[in-house]
Structures are given as C-alpha cells and as structure tokens.
Amino acid sequence: MGAELKVLITGGAGFIGSTVASACLDQGITPVILDSLVTGRREFTEGRDFYQGDIADGPLLDRIFAEHPEISATIHCAALFAAPEPVSEPLHYYRENMAGTVALLEHLQRNGCGRLLFSSSASIYTPAPTSPWTSPPSWTRSAPTPAPRC
Ligand SMILES: NC(=O)c1ccc[n+]([C@@H]2O[C@H](COP(=O)([O-])OP(=O)(O)OC[C@H]3O[C@@H](n4cnc5c(N)ncnc54)[C@H](O)[C@@H]3O)[C@@H](O)[C@H]2O)c1
C-alpha cells in the first residue's frame, strides 16, 4: 500500500473548504483542516483532522506539519468573505485576507510545502459578456479626499 496522501485545507469549516475536503475524501486524499471558525461551522469538520486557529499563526502551522508530515499541498480557502463589508472596512479585510495569506505562505515555505491551490475571490468575476475592463456605474469612484498631513 502507498503512503497516505494528505492536503492542508485552510478554511475547511467554510462553504468552499468543507466541500473541497469532501471531494478530497472521495478521491482517497485525507484533508487536514485549519480554520479559525470566525464564520465557519465546527460540524463541517466532524470526523476530520481539525485544528482551530488562524492562518497567520506560525507555531500552529509548524505543529500541523510536524504532526502530518505527509501533507504535500495546501488548498487555501480561508478568507473573510461578506460583501459589502470589504468596501466599508477595507483595512480589516486587507489585514485578514492579504496579510494573513502572506504570513501563511511564509509558514508553508518554512515547512517545505511548495504546492498551493488558492480559492480566489468570488467577487472578481462579472457575468458574461461584460468586459472585465469596465465597472458597474455603482463602482465609479469619487474624487479622493486629500489625506491629512501628519
Ligand atoms: N462562495 C462562493 O461562491 C465562492 C466562489 C469562488 C471563490 N470563493 C472564495 O473562496 C473563499 C472561501 O469562501 P466561502 O464561501 O467558503 O466562505 P466561508 O465564509 O464559508 O468560509 C471561509 C472560512 O475561512 C475561515 N477563516 C476566515 N479567516 C480565517 C483566518 N484568518 N484563519 C483561519 N480561518 C479563517 C472561516 O472561519 C470560514 O470557515 C473566499 O476567498 C471566497 O472569495 C467563494
């Protein structure tokens, strides 16, 4: 029998991540879930290897890879994902999603995990045949307010 194949799934207690985890199991691949449960549901992880924590938590990532050295790839589905909040609170979303992803990549690199599948934003797509180079009128930016001098 061959070695067990494992993948780390961030956001594996969420909609996309838990579905991907089920698809992995169907293919004989063991998912290892990392999720903070900020919006995810614990019951979606039942019967699966589950670690509750943040993607930016280096010591936790080190522990996961130490306990599951068979992990050969990461499927990154963890994100805050609730329009229109990213528009009203952009810095919070940049920190959680962008800075969090950069930290995750550093932790993966340190643990020798060089394969990453990224679940990109659902909001970058527009219905065909709209050109990706045009924005709906409601997205038109107003003139920027000059930043106050510090
Ligand atoms: N839902 C869709 O139709 C769809 C389509 C295409 C792409 N996507 C993308 O897939 C990703 C996940 O979407 P979803 O619909 O599954 O959302 P979701 O809210 O159901 O799942 C996100 C999961 O990530 C976890 N999470 C969030 N921040 C975390 C952090 N810092 N550390 C650890 N866990 C964290 C949450 O607890 C949650 O379980 C998003 O990037 C989204 O843009 C979603």
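The exercises below work through the fold of one predicted protein model.

Residues are numbered from 1 along each chain as its sequence is written. In this predicted model, local features need pLDDT of at least 70 and side-chain atom pairs count only at pLDDT 80 or more, while totals for chains, interfaces and linings use all residues.

**Exercise 1. The elements**

Task: State how many helices and strands the protein chain has, and give their order.

Solution.
- Step 1. Helices (H or I, at least four residues) and strands (E, at least two) are DSSP runs, numbered from the N terminus.
- Step 2. The protein chain holds four helices and five strands.
- Step 3. Starting at the N terminus, the order is β-α-β-β-α-β-α-α-β.

**Exercise 2. The sheet**

Task: Find the order of the strands in the sheet and explain why β3 and β5 stand at the edges.

Solution.
- Step 1. Two strands pair if DSSP finds at least two bridges between them.
- Step 2. The five strands form an open sheet with parallel pairing, in the order β3-β2-β1-β4-β5.
- Step 3. β3 (49–52) and β5 (116–118) each have a single partner strand, so one side of each has no neighbour in the sheet.
- Step 4. From one strand to the next, the twist averages 20°.
- Step 5. One parallel pair is β4 (residues 71–76) with β5, joined over three bridges. Here Ile75 stands opposite Leu117 in β5.

**Exercise 3. Helix α1 and the core**

Task: Describe which strands α1 lies across and which residues have the most contacts inside the largest nonpolar core.

Solution.
- Step 1. Two residues are in contact if their C-beta atoms, placed from the backbone, lie within 7 Å. Axes are lines fitted to C-alpha atoms, for helices over the stretch in contact, and angles run from 0 to 180 degrees between N-to-C directions.
- Step 2. Helix α1 (residues 15–26) lies across β1 (6–10), β2 (30–35) and β4, and runs at about 170° to β1.
- Step 3. A residue is buried if 20 or more other C-beta atoms lie within 10 Å of its own, exposed if 12 or fewer, and partly exposed in between. A nonpolar core is a set of buried Ala, Val, Leu, Ile, Met, Phe, Trp, Tyr and Cys residues joined through C-beta atoms within 7 Å.
- Step 4. The largest such core has 21 residues, and Val7, Leu8, Ile9, Val20, Val32 and Ile33 have the most contacts inside it. At least two residues of this core come from each of β1, α1, β2, α2, β4 and α4.
- Step 5. Beyond its neighbours within four places in sequence, Val20 is in contact with Ile9, Ile75 and Cys77.

**Exercise 4. Helix α4**

Task: Compare the span of α4 with the expected one, then locate its kink and its buried residues.

Solution.
- Step 1. The expected span is 1.5 Å times one less than the number of residues.
- Step 2. Helix α4 (residues 90–110) has 21 residues and reaches 29 Å from its first C-alpha to its last, close to the expected 30 Å.
- Step 3. The bend at a residue is the angle between axes fitted to the seven residues ending there and the seven starting there. In α4 a kink of about 30° is centred on Gly100.
- Step 4. Glu96, Gly100, Leu104, His107 and Leu108 are the buried residues of α4. Their cover includes β1, α2 (58–67), β4 and β5.
- Step 5. An α-helix has 3.6 residues a turn, so residues three or four places apart point the same way.

**Exercise 5. A loop residue**

Task: Is Arg48 buried or partly exposed?

Solution.
- Step 1. Arg48 lies in the loop between β2 and β3.
- Step 2. Arg48 counts as partly exposed because it has 18 C-beta neighbours inside 10 Å.
- Step 3. Not counting residues up to four places away in sequence, Arg48 touches Ala21, Pro31 and Ile33.
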